[in-house]
Amino acid sequence: MRAICPLIFCLLAVLPAAGGYEWRTFADEPDQLSLWHDGRQLGNWRISTREYLPLLAPGIWGDPCPPPYPPPQDVVAPGKIETDGTINFGLERSRLPAGRHLLNGKEVSKDELLQALGSAKVPDDSQWLSLTIIGPDGMRQKVISDLQSSPSLAPWKDRLKVQDYSPDHWAIKDTGFVTTGQPTIYCQAPDGRVLHRQDEYRGPEALAQVLRQVDPQYKPEKDPDLNKGLAGIPLPLLIGGAVVLYLLLGKDEKR
Amino acid sequence: MNQRLLLALLVGAALLWWYHDHQERTRPVPAPLAPSPPAKPKPKPEPKHPKKPWGPGPCPAERGQEAGGRPAEGGRVSPDGAVELICDLPASQRKKNIASKGLGCCVFRSIDYAARWQQVPELYDLPEQLVQAGIPGGGYPEKVDEVLARFGPAVSYLQDTSGDADILEAILKTGRLPCVTYSGHDCHYSAGIAHMVCLPYFDRQTGWACVSDNNFPGENQFVWMSPDEFLKRWKGGGGGGWVFALLAPPPPLPPHN
């Protein structure tokens, strides 16, 4: 009797039936359910692959197909079996409009969409420098705030890929970044090469100085100097100019 | 007067010469250009239709068949070892899909993955936020607009339903993680499905695409396939080739000298 128990009770649990269909579990095969109708086995459902194989004749299985009766919700969750046999994990297929390009919810052209990624016309942001700030919240916030509002850092506002992380964040923790600075600030080339690292924040001016040195697009000779007026003219040139004016316009004593 | 004019001209010329020379000597020296980054090594050419692409785990639905670029389960490196994921979000950050009010949240779980990759904290655990707010699962572009307006009003993102593979490559080229519709028929689903997953790798030049499925978020449960096989599954099953991407920057590359 003990020997035949597993055979007798291999159908351990019987799931609720409807319309004559019922799903049954196997005691020795937790990954499968069998579908029964009026006392006849119709096929099996494999939970791990979410597939149904019809039983055509004893020992002969057909190709995978949608089951004639939906499997219990808990074995397809969070999916739902639709009428065409598709298991839906959360798409409203009837509400997917074809051929639209949307940017923040507004319809745009393909070019505009690509432009938003920096992949067309405008400089590709994959070639921008990365500025990464790693440290406690308040310290990171100070740098971020300066990047957004300091006039010294304004030239780089839209030309840097800026990210900030707490020292235990997965993105930087085990990838070779120094995380002990107060805060640590990295400036990296697009290929990840470190161009500059500092382990404390020395203010917006010092950071701007660093960025000027590492930014390949920076041309110091193009710097405007708004303080320069007459004061910007060298003294010898001023004196010389005055001498020339005197010689040209001064009274001739001989006359 | 002629003598004075001559003298003035001489002094003026001397001044001009001095000024020009002074400018030359005091001209700021431009900062040295940063050396251009070394060219990325080209991945080894690999057959577009590898004979045995199966990953560590067999694909039960296709056991015994020749794969020919068809889906194969694997890790963060392609089955032939040629390429690595572009967006390598660790398994610890990839939660499983859940349902909200009986409807799956694959769209919002995929956005959760992208948010974690690109550090947009407002959208972390988006499916759980939907559950808490009593919003049912099930996603489509307009609903994504509504949900993002509510949970991340300052977040910038794009959506595209044109099925244009250029857009997938553009998103990945900039290191961002695309969320894409996916119709199954792979190692994990023998049947057709309606689903959104993430696409941490897609490159028609290297001949590989890789899917990160929020129903199978394990360390080695990525599904690698040829780009053509992926494109069929992206546009098939009623998904129509929908892609969503956040515009926030990706994490920095590991530092090196």
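In strand 7 of chain B, A209(B) is the bridge partner of F202(B). The structure is a predicted model, in which local features need pLDDT of at least 70, side-chain atom pairs count only at pLDDT 80 or more, and totals for chains, interfaces and linings use all residues. Residues are numbered from 1 along each chain as its sequence is written, chains are lettered from A and ligands numbered from 1 in the order in which they are written, and side-chain values use heavy atoms, with hydrogens and water left out.

Strand 7 (residues 208–212; strands are DSSP E runs of at least two residues, numbered from the N terminus) has neighbours on both sides in sequence. Strand 6 (residues 192–203) of chain B runs antiparallel to strand 7 of chain B, joined by four bridges; strands count as paired if DSSP finds at least two bridges between them. These two strands form a hairpin with four residues between them, and G207(B) in the turn has a positive phi of about 80°. Strand 8 (residues 222–225) of chain B is also antiparallel to strand 7 of chain B, through three bridges, with M225(B) opposite A209(B). Five of the five residues of strand 7 are buried (under 20% relative accessible area, 1.4 Å probe, protein chains only), so the strand is largely enclosed by the rest of the structure. W208(B), C210(B) and S212(B) point one way, while A209(B) and V211(B) point the other.

Turning to the rings, eleven aromatic pairs are found over all chains, a pair being Phe, Tyr or Trp rings (for Trp, the six-membered one) with centres within 6.5 Å. One of them, Y157(B) with F244(B), is stacked (planes under 30 degrees apart), at 5.6 Å centre to centre and 25° between the planes. Y157(B) lies in strand 4 and F244(B) in strand 9 of chain B, so the pair ties together parts that are 87 residues apart in sequence. Both rings belong to buried residues, at 5% relative accessibility for Y157(B) and 1% for F244(B). The rings of Y189(B) and F216(B) have centres 5.6 Å apart and planes at 75°, so this pair is edge-to-face (over 60 degrees). Here the two loops linked are those between strands 5 and 6 and between strands 7 and 8 of chain B. F89(A) joins Y189(B) and F216(B) in one aromatic cluster.

Finally, K161(A) sits in strand 12 (residues 160–165) of chain A and is buried at 13% relative accessibility. Among the residues that K161(A) touches are W128(A) and P249(B), contact meaning heavy atoms within 4.5 Å.

Key: Buried < 20%, exposed > 50% of the residue type's maximum accessible area, 1.4 Å probe, protein only. Lists of a residue's contacts leave out its neighbours within four places in sequence.
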